[in-house]
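Colleague: I have a new model open on my screen and would love a close look at one part of it. Could you walk me through it?

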Amino acid sequence: MARILVVDDNDDVRQLVKSVLVEEGHNVQLAANGETALTTMKNNPPDVVILDIMMPDVDGYTVLKRMTEEGLKKRTKVLVLTAKIAEADWLRGYRLGADQYLTKPFTMDELIRTLNDVLRMTIDQLRKRRAEELEKARLLSRLESSFGDF
């Protein structure tokens, strides 16, 4: 199965996600912060990173940015797992290289289904979908500003 790195500052979330994914047959590593995650990715690149956004010091956005800068994004898919639900947050994440979003709270079935979707898709398919999501977000943003004039 897949090599997965779970990055979240909440130990309960990390352990819960790990136990579910190990049960599904995946090889799971854990990181409690963004800096540890980046070091782990350099030493042992995972197939997928499940990444929280709101973490102290090095947050998920910074991890995404540094993954691209350091060439780590070329071979690793990113599933963002976050409580941030605003359109602007999603847009920022997709711009920085997120491949898929899942919001907290989530069910284990949702996590497994979303992860399997990400694993099934190639990097190119995910890139194309990210471009579509960015375009959709831009259109929604324009609509919101147009309706604001009324």
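Which residues does I112 touch, not counting residues up to four places away in sequence?

Modeller: Happy to. One thing to keep in mind from the start is that this is a predicted model. With residues up to four places away in sequence left out, I112 touches V20 and E24. I112 itself is found in helix α5. Its relative accessible area is 17%, and because buried means under 20%, I112 counts as buried.

One of those two partners, V20, leads us to the helix on the other side. V20 belongs to a group in α1, together with L16, V17 and L21, that meets M108, L111, I112 and L115 in α5. The residues of this contact divide into eight nonpolar, with no polar and no charged ones. As for the geometry, two packed helices are described by the angle between their axes and the distance between the axes. Here the axes of α1 (residues 11-23) and α5 (residues 108-120) come within 11 Å, and they cross at roughly 60°. The crossing of α1 past α5 is right-handed.

To place I112 against another point on the chain, take V28: the two are 84 residues apart in sequence, and their C-alpha atoms are 14 Å apart in space. Back in helix α1 you will also find D11. D11 is partly exposed, at 39% relative accessibility. From D11 to E87, which is 76 residues away along the chain, the C-alpha separation is 27 Å.

Now look at the loop between β5 (100-103) and α5, where P105 has its place. Most residues other than glycine have a negative phi, and most peptide bonds are trans. The bond from K104 to P105 is cis, with omega near -5°. There is a backbone detail to check at D57 as well, in the loop between β3 (48-51) and α3 (60-69). The phi of D57 is near 65°, a positive value in a residue other than glycine. D57 counts as exposed, with a relative accessibility of 82%.

From that loop you can step into helix α3, where Y61 lies. Y61 is buried, at 4% relative accessibility. Leaving out residues up to four places away in sequence, Y61 touches I53, K84, D89, R92, G93, L96 and Y101. Two of these partners deserve a closer look. R92 lies over the face of Y61, at 3.9 Å from the ring centre. G93 is 32 residues from Y61 in sequence, yet the C-alpha atoms of Y61 and G93 are 6.5 Å apart in space. While you are looking at rings, the structure as a whole holds one aromatic pair.

A last stop is R130, in helix α6 (residues 123-147). This arginine is buried too, with a relative accessible area of 13%. Apart from neighbours within four places in sequence, R130 is in contact with K73, Y94, G97, A98 and D99.

So, to come back to where you started: on your screen, centre the view on I112, which is buried, and pick out V20 and E24, the residues it touches. From V20 you can then follow the nonpolar contact of α1 with α5.

Definitions and conventions. Residues numbered from 1 in each chain as written. Predicted model: local features only at pLDDT ≥ 70, side-chain atom pairs only at ≥ 80, totals over all residues. Heavy atoms only, no water. Phe/Tyr/Trp six-rings, centres within 6.5 Å; stacked < 30°, edge-to-face > 60°. Lys NZ or Arg CZ within 6 Å of the ring centre and 35° of its normal. Axes fitted to C-alpha atoms, helices over the stretch in contact; angles between N-to-C directions. Helix = DSSP H or I, 4+ residues; strand = E, 2+ residues; numbered from the N terminus. Left-handed = near helix turned anticlockwise from the far one by under 90°. Contact = heavy atoms within 4.5 Å. Nonpolar A, V, L, I, M, F, W, Y, C, P; charged D, E, K, R; others polar. Buried < 20%, exposed > 50% of the residue type's maximum accessible area, 1.4 Å probe, protein only.
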